Amino acid sequence: MMMRVRQEGEAPLKVALLGSGTVGTHVAKLILEHGDDFAARIGRPLELVGIAVRDLSRTRDDLPPELFTDDPQALVTRDDIDIVIELIGGIEPAKQLILTAIDHGASVVTANKALLAAHGAEIFTAAERVGVDVYYEAAVAGAIPIVRPLRESLVGDSIRTVMGIVNGTTNYILDKMTTERTDYQAALVQAQELGYAEADPTADVEGLDAGAKAALLASLAFHTRVDSNQVPTEGITHIVQDDIRAAHEVGCVVKLLAIADRLDDSQISVRVHPALIPLGHPLASVSGAYNAIFVEAEAAGRLMFLGPGAGGEPTASAVTGDLVTVARNRVRGVAGPDQTNYNNLAVAEMGAVQTRYFLRFRVVDEPGVLAAIATILARHGISVQTVLQTPATGAGPLAAASAELSLMTHVATEANLVACLGELNANPKLRSDVRFLRVEGM
Ligand SMILES: NC(=O)c1ccc[n+]([C@@H]2O[C@H](COP(=O)([O-])OP(=O)(O)OC[C@H]3O[C@@H](n4cnc5c(N)ncnc54)[C@H](OP(=O)(O)O)[C@@H]3O)[C@@H](O)[C@H]2O)c1
């Protein structure tokens, strides 16, 4: 058996860091402070040779000023760099810098979900051609190990479903709405004050960030290629306090979920939307800005991954985990496993999704209305599991003569539900439009 013996005095592996913001600053500190441990774990020391930023005039506390440059291109075109860590974010210049680094023979570690979900194919293909690594554990759920479990630990199993709370901002907002009965706007302002939400929260609250992560999770879980533009996303801006209250009355909470599941041999569903989940489901108790990913695999059964999904220091843990792994591969002269996509699965339209639905609306409070509604639902192939009827609250003659109906359906096809909603909303016995939320995990 051949054994690699560590050579004392071996040259360090050279590392370039692009970006020293929320995450990059902590990554630089970990590399500089834990150099001896990293060297022992890798078998060779690491040398941080440069940190590229946009604005050189900013004070960078605790980090050696001589490392900083505002010329990332000069770093990625050096032929002696072994590993480039990209923590700039966004599409450009990150994409061009990563492709240039690969062309110059460097392995890459990145946390950039937006880039990989939109241009992953081009980047992974370039890396495979050159024989270098692209690792991205931090891109999906911050500190939570989920990329490697899907790519390596579960690669001998068949994944049925991946369902996750992968956006801390929206989970914080929904959690506040649930526990403190605040409305959406007040919860958003609180999240912004605490630094959980950006000044422009669109990417989070409209589900776009979760959509990019859903694309990455689906690609890994089903050995196929899913781009973020294939993922239907619905955010949480339309959720009102009454939705949360009504969900609670049927033993559920509302969460923004990223879902990837296998529909049949040729297609998967990948989507992001708010949904009711039963209080007993493992995802129901994930609170605050935490993230969690629930995986169901044929042999392994149900698995749950939980932890901080963002934040500079937790995310830096996942980045340095990748750094050590990629460095070990360099020392052994190998690249890690390729991103396999041999399945070529189609991503189904939302209309093909099959799930349960929770419908809520006001109706005229008179005999026969419930039967008429059940008939309309049945005409569209939708059967009702439970019905809850409460007298409508509020003032005025309409409220006095109406009742609120909450219906939980059995599993139905989304296209049928949409057609049914059209008919229900046109029915004169309804005193309000139907509000509907999907129900998962039942
Ligand atoms: N923050 C989190 O909790 C978190 C969690 C998971 C994943 N991520 C991902 O990690 C990546 C970094 O996020 P972050 O929050 O650390 O971002 P950030 O705080 O905005 O930092 C970005 C860094 O990139 C530098 N930069 C921007 N444009 C540049 C350019 N053209 N050339 C050179 N440097 C440039 C900035 O320089 P200046 O310092 O001069 O402005 C800054 O140091 C993103 O892909 C993000 O999605 C973040």
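Arg438 is buried, with a relative accessible area of 4%, where buried means under 20% relative accessible area, exposed means over 50%, and partly exposed is in between (1.4 Å probe, protein chains only). This arginine sits in strand β17, residues 435-439. Its side chain makes a polar contact with the side chain of Glu234 at 3.1 Å. A polar contact here is a pair of N or O atoms within 3.5 Å; within protein, one must be able to donate a hydrogen and the other to accept it, and residues adjacent in sequence count only if both atoms are side-chain atoms.

Some ground rules before going on. This is a predicted model, so local features need pLDDT of at least 70 and side-chain atom pairs count only at pLDDT 80 or more, while totals for chains, interfaces and linings use all residues. Residues are numbered from 1 along each chain as its sequence is written, and side-chain values use heavy atoms, with hydrogens and water left out.

**The chain as a whole**

The protein chain has 16 helices and 17 strands. These are DSSP runs numbered from the N terminus: H or I with at least four residues for helices, E with at least two for strands. Of the chain's 442 residues, 52% count as buried. Taken along the principal axes, the C-alpha atoms fill a box of roughly 90 × 50 × 35 Å.

**Around the ligand**

What surrounds the ligand? A shell of 23 residues does, and the closest are Ser20, Val23, Asp55, Arg60 and Gly311; a residue is near a molecule or strand if one of its heavy atoms lies within 4 Å of it. Sorted by class, that shell has 10 nonpolar, 8 polar and 5 charged residues. For that sorting, Ala, Val, Leu, Ile, Met, Phe, Trp, Tyr, Cys and Pro count as nonpolar, Asp, Glu, Lys and Arg as charged, and the others, Gly among them, as polar.

Ligand oxygen atoms meet polar protein atoms at several places. A polar backbone atom of Thr22 is 2.9 Å from one ligand oxygen, and a polar backbone atom of Arg54 is 3.1 Å from a ligand oxygen. Arg58 brings in its side chain, with a polar atom 3.0 Å from an oxygen of the ligand. On its own the ligand has 900 Å² of accessible area, and the protein covers 80% of that. Accessible areas come from the Shrake-Rupley method with a 1.4 Å probe; for residues, only the protein chains shown count as cover.

**Salt bridges**

How many salt bridges are there? The count comes to 21, taking a salt bridge as a side-chain nitrogen of Lys or Arg within 4 Å of a carboxyl oxygen of Asp or Glu. Here are some of them, with the closest N and O atoms:

| Pair | N to O distance |
|---|---|
| Asp209 and Lys213 | 2.9 Å |
| Glu249 and Arg245 | 3.2 Å |
| Glu404 and Arg360 | 3.3 Å |

Asp209 and Lys213 are about one helical turn from each other because they are 4 residues apart in helix α11, residues 208-222. Both of these residues are buried.

Glu249 and Arg245 are also 4 residues apart, here in helix α12 (residues 241-249), so about one helical turn separates them. Glu249 is partly exposed, with a relative accessible area of 39%, and Arg245 is partly exposed at 25%.

The bridge between Glu404 and Arg360 runs from strand to strand. Glu404 lies in β15 (residues 402-409) and Arg360 in β13 (residues 354-364), so the pair ties together parts that are 44 residues apart in sequence. Glu404 is buried at 12% relative accessible area, and Arg360 is buried at 8%. Through shared partners, salt bridges join Asp242, Asp243, Arg245, Glu249, Arg360, Glu404 and Arg435 into one network.

**A charge without a salt bridge**

Asp157 lies in the loop between α7 (147-153) and β7 (159-165). Which side chain of opposite charge is nearest to Asp157? That's Arg160, 7.8 Å away, and Asp157 is buried yet has no salt bridge. For charge, Lys and Arg count as positive and Asp and Glu as negative, while His and the chain ends are not counted. The Asp157 side chain does reach the backbone nitrogen of Ala300, at 2.8 Å.

**Pairs apart in sequence**

Gly164 lies in strand β7 and is buried, with a relative accessible area of 0%. Its C-alpha atom is 9.0 Å from that of Ala210, 46 residues apart along the chain. Arg328 lies in helix α13, residues 312-332, and counts as partly exposed at 39% relative accessibility. The C-alpha atoms of Arg328 and Gly43 are 7.3 Å apart, with their positions 285 residues apart along the chain.
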